[in-house]
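User: I'd like a close look at one part of this model, and then a walk through what surrounds the rest of the chain. Here it is.

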Amino acid sequence: MTVRLKLTLWYSAVVSLTLIAFSFILYTFLSYSMVQEIDRELAGRAVGVVRSIKVVGPNWFRQQQIVLPDVDVFGYPNTYLQVVDPYGRLVAKSSNLSNQTLPLSEDTLKLGVTGQSFYEWLQVGGQRIRTYNYPLMAEHRVVGLLQVGQPFSGIQAALNRLKWLLWLLSGLMILAAGSIGWWLARTALRPVEEITKTAALIRQELNLHQRIAWEGPNDELGRLSATLNGMLDSLEAAYRELEESHAAQRRFVADVSHELKTPLTTIRGNIDLLRKMGDEHPAIRQEALADIASEAERMSRLVSDMLVLARADAGLTLSLQPLPVVQILQQVGRQAKILAGQINFKIDIDERCKDTYIMADPDYVKQLLLILLDNAFKFTPPAGTVELSVACGGDRVQVLVKDTGMGIDPGELNRIFERFYRSDKSRPVGGTGLGLSIAKWIAEQHRAEISVESELKKGSVFKVTFPVLKQMHE
C-alpha cells in the first residue's frame, strides 16, 4: 500500500467519523427536541382540561361528582383526549378518536392512581402516539385519569427524511473528501516522487555529481532535499577520496615494484657474475660485492621508509611532549656536519629561541630535519653551501633549510611531496622518492606547515613552521 493511498484512507476515515458523529448528534438532538416540544404541548393541553373541570355536590340527592367539559373544545385534529375513571372505565373522549380508544394498560392505571403524571408511548392503529397521563384529583384522591396523546408519525417521517438526507450528504462528503485527500496527497508527495526518481537515477548511472533540485520553501521536504544533497556531497567526496586512495595505492604498488626491481636485478646480475668468475678476478669480485651491499642498503632504506608511511596510513599518532627548540637543533646540527662532507654547512640559531618550547616527538623531528638536510646535501655541489637556521618570534618557530644546489623546476614544486616522485634532475643522485612524503607527514603530525621555494641553478629553501608551546625560563 502506497503512502498516498494510506494518507487518503486516513483522511477519508477521519472525515467519515466526523460526519457520522455530527449526523448522529444532530439527529439525536432534533429527535429529542421534537419529543420535548410535544411533551410541553401535551402538558399544556392537559392543564387546560383540568382547569375546566367542575366538582358538584355532595347533597342529599346525590354524591360528589366531577363534571367534565367538552373535550373536543381542547382537541385538535392531531391531538387525542380521553378520560377514564380509577377503574379504567371510559368517561369521555375526543371525537377524533371515533370508534377507537387510547390503550390503557394495568401498569398505566396503577401508576395513575398513585397521583403521578407521566409520559408514555402507545401504539394505536399502526402509529406511535406520545401520551401524557394526568391524574384528576378531588379532595386529595384520584377520581380519574386524563390521557392526552399526539401522533408521532409526522415528526417521525420528517426525522426519517432527515436521516436519509444526512446519509446521502455524508456519503457525498466522504467521496469528495476521498477525492480531495487523494489530490492533496498526490500534490504533497510529488516532491518525494521527484526525490525518489533522482535518487534512483543517481544509483543507476552512479552519477554522484547530480543533485536533487528543490525550489520550494524550506519545509520538511526542503530540509529532506538539503539533507540528501549534503549526503550526496559527502558520498561524492568519500568516493573521490576512495578513487584517489585506490589510484595512489596502485601507483604505490607499481612504484614499489619498480624500485625493488632495479636493486634486485643488480643483485642477481652480480651474483651470476660471481658464480661465473669465482675467485679468478678479485677486483671484479670486490666490485660485485660492493654493488650488492649498496643495493641491499638501498632496499633496506626503501623498506624502512615504506614502513613509516604504512604506519602513517594506518593512523599512527605520534606522542608529543614539550621539547626545547635549541636542544633539538643542536643535535640535528651535529649529525648534519657528519653528512655534509665537502659541502659548506652552517647553522644559525636565533637567540630568542633559548627558552622556546614546542610540542614534538624528538625522534621524528630529527628525522624530518635530517630528511631536508640530506636532500640539500645530495643536490648541492661540493663547493656549495647548506644552511640550517631557526627564528623564533610570536607564536611560531620557523626552521629553514637553504641550499645553493641545482634547484627545482617551478612546475614540479607542487608534486615533490608525493610518494616516489623524483624529478629528472634528481634521478642521477639516487634515493627512494619517499623522504619528502615522510617529512610532510611528520610536519602534519606536529601541526606544522612545510613549504618550499626554489629557483633553478640557484638553490632551494625548505621552510617548516612549528607552533610555539610557551616560553619557559630557567
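Is Trp121 buried, partly exposed or exposed, and what is its relative accessible area?

Analyst: Keep in mind that this is a predicted model. Trp121 comes out as partly exposed, with a relative accessible area of 33%. The cut-offs explain the label, because buried means under 20% and exposed means over 50%. Its ring partner is another story: Phe152 is buried, at a relative accessible area of 4%. The two ring centres sit 5.0 Å apart with the planes at 80°, so this pair is edge-to-face. Along the chain the partners are 31 residues apart, with Trp121 in strand β5 and Phe152 in the loop between β7 (141-151) and α3 (153-205).

That pair belongs to a short list, as a search of the whole structure finds six aromatic pairs. Another of them also starts from β5: Tyr119 and Tyr132 have ring centres 4.6 Å apart and planes at 40°, so this one is tilted. Here Tyr119 belongs to strand β5 (residues 118-124) and Tyr132 to strand β6 (residues 127-138), and the pair links distant parts of the chain, 13 residues apart. Tyr119 has 32% relative accessibility and counts as partly exposed, while Tyr132 is buried at 8%. Add Tyr134 and you have one aromatic cluster made up of Tyr119, Tyr132 and Tyr134.

Further along the chain, there's a sheet to look at. It is open, has five strands in the order β9-β11-β12-β14-β13, and its pairing is mixed. The edges belong to β9 (344-349) and β13 (449-455); each has a single partner strand, so one side of each is left without a neighbour in the sheet. From one strand to the next, the twist averages 10°. Inside the sheet, β12 (residues 396-403) and β14 (residues 459-467) run antiparallel and pair over seven bridges. If you want a spot to zoom in on, Val399 stands opposite Val464 in β14.

Now for the helices on that sheet. Helix α6 (residues 325-340) lies across β9, β11 (385-393) and β12, and its direction is at about 175° to β9. Helix α7 (residues 362-378) packs on the sheet too, touching β9, β11, β12, β13 and β14, with its direction at about 20° to that of β12.

These two helices also meet each other. The axes of α6 and α7 come within 10 Å and cross at roughly 35°, and the crossing is right-handed. On the α6 side, the contact residues include Ile328, Leu329, Val332 and Leu339; on the α7 side they include Val365, Leu369, Leu373 and Phe377. By class, that contact has twelve nonpolar, two polar and one charged residues.

One residue ties several of these pieces together, and that's Ala340. It lies in helix α6 and is part of the contact with α7. Ala340 is buried, with a relative accessible area of 7%. Leaving aside residues up to four places away in sequence, Ala340 touches Phe345 and Phe377. The C-alpha atoms of Ala340 and Val386 are separated by 8.3 Å, although these residues are 46 places apart along the chain.

Technical notes: Residues numbered from 1 in each chain as written. Predicted model: local features only at pLDDT ≥ 70, side-chain atom pairs only at ≥ 80, totals over all residues. Heavy atoms only, no water. Pairing = 2+ DSSP bridges. Helix = DSSP H or I, 4+ residues; strand = E, 2+ residues; numbered from the N terminus. Axes fitted to C-alpha atoms, helices over the stretch in contact; angles between N-to-C directions. Contact = heavy atoms within 4.5 Å. Buried < 20%, exposed > 50% of the residue type's maximum accessible area, 1.4 Å probe, protein only. Left-handed = near helix turned anticlockwise from the far one by under 90°. Nonpolar A, V, L, I, M, F, W, Y, C, P; charged D, E, K, R; others polar. Phe/Tyr/Trp six-rings, centres within 6.5 Å; stacked < 30°, edge-to-face > 60°.
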